[in-house]
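Reader: I'm new to looking at protein models, and I'd like a close look at just one part. Could you take me through a sheet and whatever packs around it?

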Amino acid sequence: MPNIAVFIEQRDGNLKKVAWQMLSEARKITDANDGEVWAVFLGDDASAATTEAGKYGAHKIFTAGGENLSTFNSEAYGTALANFCKNNNPDLLLLGSTAMGKDLGPKVAAKLECGCISDAVGMTFDGGFEFRRPIFAGKCFVDVTSSTSCTVVSVRPNAFMLNEVGGTAAAESFDAGIDGGNLKAIVKSVEAATGGKVELTEAEVVVSGGRGIKGPENYALIEKLAETLGAASGASRAVVDAEWVDYSHQVGQTGKTVGPNLYIAAGISGAIQHLAGMSSSKCIVAINKDANAPIFKVADYGIVADLFDVLPVLTDEVGKLKG
Ligand SMILES: Cc1cc2nc3c(=O)[nH]c(=O)nc-3n(C[C@H](O)[C@H](O)[C@H](O)COP(=O)(O)OP(=O)(O)OC[C@H]3O[C@@H](n4cnc5c(N)ncnc54)[C@H](O)[C@@H]3O)c2cc1C
């Protein structure tokens, strides 16, 4: 009878898709083993989180808000999650393997003195839990278990598929147990470094560029199309290793895993390590001048042409359609 708690991450009211993916996967396990899925939300307005959590399989949603939890504060959030676990004894606490989740996971595990497993890409239950995670920079995977009664696990975004069960989560507030006077730091506001750009792992559309763009100055072609489509811009590792763009753009085994409705790959050969991060995209469009490039084996639509001819035309046409 495993009970699985899932942290619902939000920034400025924007709820992270990874939470719904974790709820979906957790619900499959609890349905098969007579357990429950509990969403945990920290912040001021839990209404959207409550609706979405029920839709993706949470039986209950536990919420805590107030002055010290309205903006992300590592110390306050860590204390709140640890207190939630102490009082409700879930077998697992799942968090997204995001900047926030990577910060919180070890902190909560240390407070609970329990096992902490990071960057999981698989989860099974057969009397006990087993998690799959990449090691050695993604060269191989390891299956791990934890021997503590509660385990904190961070899950890589887009590792699990979404599954709507269309239910309703019963809402309950909980005492986060935070003494504001004891907090060592107060967060006044959070400024996003991405300056309003779409986050890769959350994006519905991704445009990525590979070594075929030839140089850093041409990444603007990728960004222009991405901007016109309201998409996030990604890159292959070749482009990141050459320092044409920042690592935060890398898609693949050692970068980010994306799961958009549309993935456009321009000048990317389709190495297995790149495919590992994007092959679950619903529709893949590849632009490559080599008709034998492996990317065409996974592409739904292929354009065999020079990306320097195709991208400006595509951007113009999308621009016209969008008015
Ligand atoms: C342990 C490990 C982890 C890795 N992790 C990742 C990862 O996370 N992500 C990742 O991407 N890679 C990763 N790699 C690297 C991966 O193996 C490939 O080397 C890399 O993906 C190649 O990038 P690319 O497709 O941009 O470059 P290339 O393989 O050089 O392909 C460039 C493509 O552009 C095409 N092209 C050239 N000019 C044009 C043009 N004008 N118009 C259209 N097409 C053109 C070419 O035909 C070619 O297909 C990893 C490798 C290892 C060993």
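Author: Let's go straight to the open sheet: five strands make it up, in the order 14-13-15-16-17, and their pairing is parallel. Strands here (E, at least two residues) and helices (H or I, at least four) are DSSP runs, numbered from the N terminus. Two strands count as paired if DSSP finds at least two bridges between them. At the edges stand strand 14 (232–235) and strand 17 (301–304); each has a single partner strand, so one side of each is left without a neighbour in the sheet. Neighbouring strands of this sheet are turned against each other by 15° on average, direction ignored.

A quick word on what you're looking at. This is a predicted model, where local features need pLDDT of at least 70, side-chain atom pairs count only at pLDDT 80 or more, and totals for chains, interfaces and linings use all residues. Residues are numbered from 1 along each chain as its sequence is written.

Now zoom in on one pair. Strand 15 (residues 262–266) and strand 16 (residues 283–288) pair in the parallel sense, over five bridges. If you want a spot to click on, find Leu262: it stands opposite Cys283 in strand 16. While you're there, keep in mind that in a regular strand the side chains alternate between the two faces of the sheet.

Next, what lies across those strands? Helix 5 does: it lies across strand 13 (205–209), strand 14 and strand 15, and runs at about 170° to strand 13. For angles like that one, axes are lines fitted to C-alpha atoms (for helices, over the stretch in contact), and the angles run from 0 to 180 degrees between N-to-C directions.

Helix 5 (residues 219–229) also has a helix beside it: its axis and that of helix 9 (residues 307–321) come within 9 Å and cross at roughly 15°. That makes helix 5 roughly parallel to helix 9, a label for angles under 35 degrees (over 145 is roughly antiparallel, 65 to 115 roughly perpendicular, and the rest oblique).

Which residues meet there? From helix 5 come Leu221, Lys224, Leu225, Thr228 and Leu229, and they meet Leu311, Leu314, Thr315, Val318 and Gly319 in helix 9. Being in contact means that the C-beta atoms of two residues, placed from the backbone, lie within 7 Å. To read that list, it helps to know that an α-helix has 3.6 residues a turn, so residues three or four places apart point the same way.
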